[in-house]
Amino acid sequence: MKIDILSLFPEFVQAFFDQSIIKRALDAGRMEMAVTNPRDYTMYRHRQVDDTIYGGGAGMLMMCQPIFDAVHHVLPEKGTRDRVIFLSPAGKTFNQEKAKELYRDYDHLVLICGHYEGVDHRVEEYLADELISIGDYVLTGGELGAMVISDAVARMIPGVLGDAGSAATDSFYEPILEYPQYTKPADYNGWKVPEVLLSGHHANIARWRRKEALRRTLECRPDLLSGLKMTAEDKKLLAEIKREKEDQ
Ligand SMILES: C[S@@+](CC[C@H](N)C(=O)[O-])C[C@H]1O[C@@H](n2cnc3c(N)ncnc32)[C@H](O)[C@@H]1O
């Protein structure tokens, strides 16, 4: 997987490449990431990349030419496994399903970050394959969104996470939240780690984890449960949880 991020603030994005798991994945050659500044491609004087808005309005819009040329530089010939994405509050909201789809269907993502008042609409009309939003709020730029998408996709690449199992149990790999997890000490300020987790009994631990994952989902994100393919055991555990709640 190769991810190109187009940003007027490359240092901001570069800092993300230079840390922790992403840095290790890049160093090990498991993925490639690069940041390109549209300002390096502008044909306008004084490295101009934005201008006032036709018809009036406050602020400046990023112009087409530097963005189109920067995209054509990182993607000279577009194939079916290349995807040009424009980060925009108007896009569909990003989620784990979308991350899976991007990882499965494409080898090269080009993520365009807007800034200022936004981007000339022709980028959306004639350059981007799709728009993605990272939530119903407006940010100052697309950089955080590009990092969110890159991070979520990177975690799916084999070997990027040290322990491949840890991705599979994360919240949202199934539409269910992750069970509570604890580390040492077993007693902190009198708050104890559940006994079963110290028992070494694998079947009991697995049952407890599934039940607590269901409980957390029911409490925090009940909307997810309608999308979960429940086993007979899940249904039994959920019934137990509901009885326990009634008894409280
Ligand atoms: C200040 S915003 C522009 C907002 C634009 N005027 C509007 O109302 O839709 C500047 C840039 O930040 C990025 N951005 C802002 N909010 C975002 C969000 N929720 N998801 C993804 N990108 C976002 C986009 O790239 C956008 O072009």
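Here is a short conversation about a predicted model of a chain and its ligand.

Reader: Happy to dig in! What makes the chain more spread out than a compact globule?

Author: Good place to start. The chain has nine helices and nine strands. Its radius of gyration is 23 Å, whereas the globule rule gives 18 Å for 248 residues; the value is well over the rule, so the chain is more spread out than a compact globule. Along the principal axes, the C-alpha trace spans about 70 × 40 × 40 Å.

Reader: Why are helices H1 and H6 called roughly parallel?

Author: Two packed helices are described by the angle between their axes and the distance between the axes. For H1 (residues 10-17) and H6 (residues 143-154), the angle is about 20° and the axes lie 10 Å apart. Angles under 35 degrees count as roughly parallel, and H1 and H6 therefore earn that description. H1 also passes H6 in a right-handed crossing.

Reader: Which residues of H1 and H6 meet?

Author: Phe12, Val13 and Phe16 come from H1, and they meet Glu143, Ala146 and Met147 of H6. By class, this contact has five nonpolar residues, no polar ones and one charged.

Reader: And what makes H8 and H9 oblique to each other?

Author: Helix H8 (residues 202-220) and helix H9 (residues 232-247) cross at roughly 60°, with axes that come within 9 Å. Roughly parallel needs an angle under 35 degrees, and roughly perpendicular starts at 65. The crossing of H8 and H9 fits neither class, and the two helices are therefore oblique. This crossing is right-handed.

Reader: Which residues make the contact between H8 and H9?

Author: H8 brings Arg210, Lys211, Leu214, Arg215 and Leu218, while H9 brings Asp234, Leu237, Leu238, Glu240 and Ile241. The classes here are five nonpolar, no polar and five charged residues.

Reader: Let's turn to the ligand. How do you know which residues surround the ligand?

Author: A residue counts if its C-beta atom, placed from the backbone, lies within 6 Å of the molecule. That gives 20 residues around the ligand, and the closest are Leu87, Gly114, Gly118, Gly142 and Gly145. Strand E5 (residues 82-93) gives the most to this shell, with four residues. The shell has nine nonpolar, 10 polar and one charged residues, with Gly counted among the polar ones.

Reader: What is the omega of the peptide bond from Lys184 to Pro185?

Author: Omega is near 5°, and the bond from Lys184 to Pro185 is cis. Pro185 sits in the loop between helix H7 (164-169) and strand E8 (187-188).

Reader: One last backbone item: what is the phi of Tyr116, and where is Tyr116 found?

Author: Phi of Tyr116 is near 55°, a positive value in a residue other than glycine. Tyr116 belongs to the loop between strand E6 (108-112) and helix H5 (121-126).

Notes: Residues are numbered from 1 along each chain as its sequence is written. This is a predicted model: local features need pLDDT of at least 70, side-chain atom pairs count only at pLDDT 80 or more; totals for chains, interfaces and linings use all residues. Axes are lines fitted to C-alpha atoms, for helices over the stretch in contact, and angles run from 0 to 180 degrees between N-to-C directions. Angles under 35 degrees count as roughly parallel, over 145 as roughly antiparallel, 65 to 115 as roughly perpendicular and the rest as oblique. A crossing is left-handed if the near helix is turned anticlockwise from the far one by less than a right angle, and right-handed if clockwise. Two residues are in contact if their C-beta atoms, placed from the backbone, lie within 7 Å. The radius of gyration is taken over C-alpha atoms; the globule rule is 2.2 Å times the number of residues to the power 0.38.
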